[in-house]
Amino acid sequence: MQQLNKGSLGHLSAEVRFNQAALERQIGIVHLGPGAFHRAHQAVYTDNAMEFGGDWGICAVSMRSTGVRDELAEQDNIYTLAIIDEQPSYQVISAIKEVLVLGEQREQVMQRLVAPSTHIVSLTVTEKGYCLNGVGELDVSNNDIVHDLKNPTCPISAIGLLTLALQQRMQNNTADLTIMSCDNLADNGTKLGRAIIRFAENIDMQLAQWITHHVCFPNTMVDSITPASNDELRARVANAIKLQDNWPIQREAFTQWVIEDNFSGPRPAWDKVGVTFTQDVSGYEKAKLRLLNGSHSTLAYLGLRCGFETVNQAISHPALFTLINTLLKEQVALSFSAPAELDVDAYIDAILKRYSNQHIRHLLSQIAWDGSQKLPFRLLGSIQDNLSQGQPISLLCVGVAAWLHFIVSAAHKQFKIVDPLAERLISVGLQCSGHEKEDVTRLLNIEQVFAVSLVNNSVFSQSVTEAYLSLSALNSANIDEQIKALY
Ligand code: CS2
């Protein structure tokens, strides 16, 4: 079968959407972290926006791995987006013009970052890529940050790299830049900006001042369920587009992008292709991070304990569906003020319908990654806000307790935990001997995750302990009885 590339685009059937306008545009955006989510979400919006003009081609920079660059090189960085839903559809995306690997192509990466034609730098480097501590500030003890402060001209972190690029833009007096986080963090742009300025203060105070006045860091909320690609998808796409795509991407039909209207310079016509611009992202962000991502993580750790593999399998169990629905409507929804235009119950119902999508094979084990980085934004923030407002937290603590069991189980069964704190988590997990109350106390003392003020709150620690004790008996044979006992 012929390879998908610029030369074979003429063979695409009419059913496959393709924006000719995007094909020959020049680069105007540098994106750090070209994982599946970027390629399914921001790159698609940008591809569509180029129908309305502008050189908004993307130079994608992988911080470490070479896979995306090498796989897409054979096909001119063009790939297929497969919308996996009741009515599957396919779109060929040509917005990514170049894929570089920082460790091998540092000079080219820097040229792109400092080029006057680069107006926007965006990031999907996952929560751990920001090198933040438990209170959302730059963690100067983080190994990558320690390295970059010692080697500021050869950074390995996104924070160090962007600071070096901004230093050169300042020296070159290059037009202002907008740096836009597209990761699942609360106040993602604000935190990114503060982390870069804090890093710059260690290098050059004048640079830190310049950044404050010349660089915008808009907050954003991003949403679309994007399972990892696999061979089944490759076969499905080859059959649909009649061309060989080495690395197609799949996602659900639902997609949303909310961006704070705070840019230093020009931007693509994203507003013309469904992106919401607003002065205040926080309501949208809390709704998404707490309602969707909070229930995703709860479902992941509970579902894995029940023996399920996918989100669809877990949410299809009536007792789990009821628990998640109750968690969202009776606890999480009380923890924040939603935007006036958002019907929260309808939003929750839509989330549960999305989870029930039988066409999407979203692995619970993938969602379970990086729990130490995710739980603070997804569950602990809701718990702290509910505690301060005298609202219930019992089901929120079920998600926390399920994560604690996940750690202990992985440690004792010698399963790998994908998490920047994996070594610490496994070490604490191994010290847990089955005396549940002592085990919970030990696990809640992981200070990078649980603030002392929260751990010292007796309502929280008792709720987590009760949930942990209840979940100890849960297994694939008694799901109904054990889960129903939680609510
Ligand atoms: C998921 C998210 O893997 C995870 O942690 O909760 O990737 C989720 O699918 C996206 O945030 C949905 O927009």
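Analyst: Domain bounds here come from an automatic or database domain assignment. The model is a predicted one.

User: Between which domains does the ligand lie?

Analyst: Look at who supplies the shell around the ligand. Residues come from both domain 1 (6–279) and domain 2 (285–484). The ligand therefore lies between domain 1 and domain 2.

User: Which residues are around the ligand?

Analyst: By class, the shell holds 2 nonpolar, 5 polar and 4 charged residues. By name, they are Asn184, Asp223, Ser224, Lys288, Leu292, Asn293, His296, His362, Ile367, Lys374 and Arg378.

User: How far is an oxygen atom of the ligand from a polar side-chain atom of lysine 288?

Analyst: Lysine 288 is one of the residues around the ligand. A polar contact needs N or O atoms within 3.5 Å. For lysine 288, the distance to a ligand oxygen is 2.5 Å.

User: How much of the ligand's accessible area does the protein cover?

Analyst: Two other side chains also approach ligand oxygen atoms. An N or O atom of histidine 296 is 2.8 Å from one, and for lysine 374 the distance is 2.7 Å. On its own, the ligand has 340 Å² of accessible area. The share covered by the protein is 88%.

User: Which element gives the largest share of the shell around the ligand?

Analyst: Two elements give two or more residues to the shell: helix H11 (282–305) and helix H16 (371–388). The largest share is 4 residues, and they come from H11.

User: How many residues apart in sequence are the parts tied together by arginine 290 and aspartate 385?

Analyst: Arginine 290 forms a salt bridge with aspartate 385, with the closest N and O atoms 2.7 Å apart. Arginine 290 is in helix H11 and aspartate 385 is in helix H16, so the pair ties these parts together. Their separation in sequence is 95 residues.

User: Is arginine 290 buried or exposed?

Analyst: Its partner, aspartate 385, has a relative accessible area of 24% and is partly exposed. Buried means under 20%. Arginine 290 has 6%, so it counts as buried.

User: Which residues are linked with Arg69 in a network of salt bridges?

Analyst: Side chains of opposite charge can pair when their charged atoms come close. Arginine 69 and aspartate 70 form a salt bridge, their closest N and O atoms being 2.8 Å apart. Arginine 69 is buried at 15% relative accessible area, whereas aspartate 70 is partly exposed at 39%. Linked with Arg69 in the network are Asp70 and Glu104.

User: In which helix do aspartate 439 and arginine 442 lie?

Analyst: This pair forms a salt bridge, with the closest N and O atoms 3.3 Å apart. Aspartate 439 is buried at 2% relative accessible area, and arginine 442 is partly exposed at 30%. The two are 3 residues apart, about one turn of the helix. Both lie in helix H19.

User: How many salt bridges does the count come to?

Analyst: The cut-off is a side-chain nitrogen of Lys or Arg within 4 Å of a carboxyl oxygen of Asp or Glu. Arginine 290 with aspartate 385 is one such pair. The count comes to 17.

User: What is the phi of asparagine 77?

Analyst: Asparagine 77 sits in the loop between helix H4 (67–73) and strand E4 (79–83). It is buried at 10% relative accessibility. Although it is not a glycine, its phi is positive, about 65°.

User: What is the phi of aspartate 370?

Analyst: The loop between helix H15 (364–367) and H16 holds aspartate 370. Its relative accessibility is 5%, so it counts as buried. Aspartate 370 is not a glycine, yet its phi is positive, about 60°.

How values were computed
Residues are numbered from 1 along each chain as its sequence is written. This is a predicted model: local features need pLDDT of at least 70, side-chain atom pairs count only at pLDDT 80 or more; totals for chains, interfaces and linings use all residues. Side-chain values use heavy atoms; hydrogens and water are left out. A residue is near a molecule or strand if one of its heavy atoms lies within 4 Å of it. A polar contact is a pair of N or O atoms within 3.5 Å; within protein, one must be able to donate a hydrogen and the other to accept it, and residues adjacent in sequence count only if both atoms are side-chain atoms. Accessible areas come from the Shrake-Rupley method with a 1.4 Å probe; for residues, only the protein chains shown count as cover. Ala, Val, Leu, Ile, Met, Phe, Trp, Tyr, Cys and Pro count as nonpolar, Asp, Glu, Lys and Arg as charged, and the others, Gly among them, as polar. Buried means under 20% relative accessible area, exposed over 50%, partly exposed in between (1.4 Å probe, protein chains only).
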